[in-house]
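Thanks for making the time, everyone. I would like to take you through one model this morning, and I will give the cut-offs as each term comes up.

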Amino acid sequence: MFSDESRFSLQSDSRRTLIWRAPCTRYHQENTIERHRCGGAGWLVWGGIILGSRTDLQAQSVTMTGHIYRDVILEQHVRLSRGAMGVEFLFMDDNARPHHANIVDECLQSEDITRMDWPAYSLDLNPIEHVWDLLG
């Protein structure tokens, strides 16, 4: 099973607005834009693909933590797929920090789920990354 999550922002990615202005008019009212510096609204969407099939997409508006990853992703999706596949099940997630929390490692060991060795920053090797390209 290849799995990954992607963040979909409800704001522009760069948070920059380019404007052309006359020299020496930088701080004129018509050349200033109010901005909110918080991270902005968005959704984190997780999905998995396995042998010509896929999981349901799991969307949430909170930051992914090790506890959420274990309770929502591993328990509700990965464990069920492992049960259907049997002992030959191999699980792939990226090297994100929540994926390697101690509680996640303990959960994978207790469920006898083997994690695929995966080089860091190798997005082009993960086939599910191309799905995000189509959705994004």
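**Pockets, core and a few single residues**

Let me begin with the largest pocket, where the largest share of the lining, four residues, comes from β1. By pocket I mean, on a 1 Å grid over the protein atoms alone, an open set of points where a 1.4 Å probe fits, with protein on both sides within 12 Å along at least five of seven lines, and a lining residue has an atom within 4 Å of a point. Before going further, please keep in mind that this is a predicted model, in which local features need pLDDT of at least 70 and side-chain atom pairs count only at pLDDT 80 or more, whereas totals for chains, interfaces and linings use all residues. Residues are numbered from 1 along each chain as its sequence is written, and side-chain values use heavy atoms, with hydrogens and water left out.

Back to that pocket, then. About 270 Å³ of space lies in it, where a volume is the space filled by probe spheres set on the grid points, and the points are joined across faces, edges and corners. The lining of the largest pocket has 13 residues, and the closest to the centre are Glu5, Ser6, Arg7, Leu44 and Met64. The elements that give two or more residues to this lining are β1, β2 and α3, the last of these spanning 128-135. Sorted by class, the lining has four nonpolar, four polar and five charged residues, where Ala, Val, Leu, Ile, Met, Phe, Trp, Tyr, Cys and Pro count as nonpolar, Asp, Glu, Lys and Arg as charged, and the others, Gly among them, as polar.

The second largest pocket has a volume of about 150 Å³, and its lining divides into nine nonpolar residues, no polar and one charged. Among the residues that line it are Met1, Ile50, Glu88 and Phe89.

Now for the overall layout. The protein has three helices and six strands, which are DSSP runs numbered from the N terminus, helices being H or I with at least four residues and strands being E with at least two. Read from the N terminus on, the order is β-β-β-β-α-β-α-β-α. Among contacts between residues at least 6 apart in sequence, 64% join residues at least 24 apart, a contact being heavy atoms within 4.5 Å.

Of the 136 residues, 32% count as buried, and buried here means under 20% relative accessible area, exposed over 50%, and partly exposed in between, with a 1.4 Å probe and protein chains only. In soluble globular proteins, nonpolar side chains tend to be buried together. In this model the largest nonpolar core has 16 residues, and those with the most contacts inside it are Tyr69, Ile73, Leu74, Val78, Phe89 and Phe91. The elements that give two or more residues to this core are β2 (42-50), α1 (66-85) and α2 (102-110), and α1 gives the most, with five residues. Such a core is a set of buried Ala, Val, Leu, Ile, Met, Phe, Trp, Tyr and Cys residues joined through side-chain atoms within 4.5 Å.

Phe89, which appears both in that core and in the lining of the second largest pocket, touches Met1, Ile50, Val78, Ser81, Arg82, Ile113 and Thr114, leaving aside residues up to four places away in sequence.

Which residues does His77, in helix α1, touch beyond four places in sequence? They are Trp46, Thr55, Asp56, Gln58 and Val72, and His77 counts as buried at 13% relative accessibility. Thr55 lies in the loop between β3 and β4 and is buried as well, at 9%.

Finally, the backbone. Most residues other than glycine have a negative phi. Cys24, in the loop between β1 and β2, has a positive phi of about 65°, and this cysteine is exposed, with a relative accessible area of 80%. Asp112, in the loop between α2 and β6, has a positive phi of about 55° and is exposed at 51%. Cys107, by contrast with Cys24, counts as buried at 8% relative accessibility, and the structure holds zero disulfides, a disulfide being a pair of cysteine sulfur atoms within 2.5 Å.
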